[in-house]
Each structure stands twice: as structure tokens, then as C-alpha cells.
Amino acid sequence: MRTNLRAFAIGILFATGVMGVAYSVVSAGATSLNEESVQAYAAENDLHLLSKEEYDELLPYVEPVEEKKTEQKEEVKEESKNNEEAKEEETKEVEEKEEENEPFEIVIPDGMATYEITALLAREGIIEDDKKFDAYLEDKNIATKVRSGTFTMKKGMSYEEAADVLIK
């Protein structure tokens, strides 16, 4: 066994040495990029080189495309304003529901993970922080006892109250 391992190690060292020598030979023959080599490459491949001034002269012809992009950006801004207005309306509705603080039913489907359930409860405003509630369930060793189904809950419940409802 040791003989095989030593032979394998020697083979790896030999291969590494060969690769190192080959790399140094190839990299020594590499030339650096200069203006003459670039011009020779352009001439061989029927390419045209532009100076900075020539390039800058061509830029105004490209501007109409940029105007379209600007128009598209303005449309996106208008859509985002509409989305913000919709979110504000939703926020107002949520605030109105919170003022009522009446119990409502929430459905937890089968197969939903505990972290998904806590995120749902946080989105609905039943609990404040889903991560803290998840940690609470783990600390009390009741995370695995959370069941699916339809539950009657209300906004702003304490972690203990919410857990009691979820495990019954």
C-alpha cells in the first residue's frame, strides 16, 4: 500500500514539474500587446481602427437609441409610481384592519414548513417578527407540533398566544 502511495505522489510531483516547465517556456515566448501588433492584426482581419476623436464623432449618431432608453426608463418610473400608490392603498387597508383588530380566519395548507408559516403570520400582521417567532417555537420545542388547517387569529398576538392556537 505504501509503495503505491509513494509512486502516486512521485507521479504527481513529476507531472507538476513538467507543467511548470511547459508554462514557463510558453509564457516566455508570449509577446506584449503594442500598437504595431494591433495594426497588423487589424490589417490581417479587415478591421478598421478608430482614434478617440473618430470614435467621439460617431457618438451623436447613436443618441436616438439612448433617447429610446430614456423613454423606457420614464415608463418604468411611471409604473413604479403606480405600484407605490397601490402599495400605499394596501398599507391603508392593513392599517384599517389593524384598528378593527377583529379575529379572522387564516388557512395554513398541508406541507408548509414552519418558517413559511411564521413568514405568513408576519405578513398578515399576526406576529411582529417571523424570525423571532420561529426561534420561540424552537426554544419551546413545539416547532414540530405546528399543524395545518384553518385557525382563528387576530393581529398583534403575542408569541405564546399564536403558538397556542397553532399547536391545538
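**Exercise 1. Place Gln39 and describe its surroundings.**

Gln39 sits in helix α2 (residues 35–44). Helices here are DSSP runs of H or I with at least four residues, strands are runs of E with at least two, and both are numbered from the N terminus. The model is predicted: local features need pLDDT of at least 70, side-chain atom pairs count only at pLDDT 80 or more, and totals for chains, interfaces and linings use all residues. Residues are numbered from 1 along each chain as its sequence is written, and side-chain values use heavy atoms, with hydrogens and water left out.

Step 1. Take the accessibility. Gln39 has a relative accessible area of 42%. Buried means under 20%, exposed over 50%, and partly exposed in between (1.4 Å probe, protein chains only). So Gln39 is partly exposed.

Step 2. Look at the whole helix. Of the 10 residues in α2, one is buried, so the helix is hardly covered.

Step 3. Take a distance. Gln39 and Leu49 are 10 residues apart in sequence. Their C-alpha atoms are 7.7 Å apart in space.

**Exercise 2. Find the residues with positive phi in two loops.**

Step 1. Recall the background. Most residues other than glycine have a negative phi.

Step 2. Go to the loop between α2 and α3. Asp46 lies there. Its phi is positive, near 50°. Asp46 is exposed, at 73% relative accessibility.

Step 3. Go to the loop between α6 and β2 (149–153). Asn141 lies there. The phi of Asn141 is also positive, near 55°. Asn141 is exposed, with a relative accessible area of 59%.

**Exercise 3. Count the salt bridges and describe the partners.**

Step 1. Apply the rule. A salt bridge needs a side-chain nitrogen of Lys or Arg within 4 Å of a carboxyl oxygen of Asp or Glu. The count comes to one.

Step 2. Name the pair. The side chains of Asp56 and Lys52 meet at 3.4 Å, N to O.

Step 3. Locate the pair. Both residues are in helix α3 (residues 52–58). They are four residues apart, so about one helical turn separates them.

Step 4. Check accessibility. Asp56 is partly exposed at 35%. Lys52 is exposed at 55%.

**Exercise 4. Describe how α5 and α6 cross.**

Step 1. Take the axes. Those of helix α5 (residues 114–123) and helix α6 (residues 130–139) come within 8 Å and cross at roughly 135°. Axes are lines fitted to C-alpha atoms, for helices over the stretch in contact, and angles run from 0 to 180 degrees between N-to-C directions.

Step 2. Classify the angle. α5 is oblique to α6. Angles under 35 degrees count as roughly parallel, over 145 as roughly antiparallel, 65 to 115 as roughly perpendicular, and the rest as oblique.

Step 3. List the contact residues (heavy atoms within 4.5 Å). α5 gives Thr114, Tyr115, Thr118, Ala119, Leu121 and Ala122. α6 gives Asp130, Phe133, Asp134 and Leu137.

**Exercise 5. Characterise Ala162.**

Step 1. Place the residue. Ala162 is in helix α7 (residues 159–167).

Step 2. Is Ala162 buried or exposed? Its relative accessible area is 0%, so Ala162 is buried.

Step 3. Find the neighbours. Leaving out residues up to four places away in sequence, Ala162 touches Ile127, Phe133, Met153 and Met157.

Step 4. Take a distance. Ala162 and Leu121 are 41 residues apart along the chain. Their C-alpha atoms are separated by 9.0 Å.
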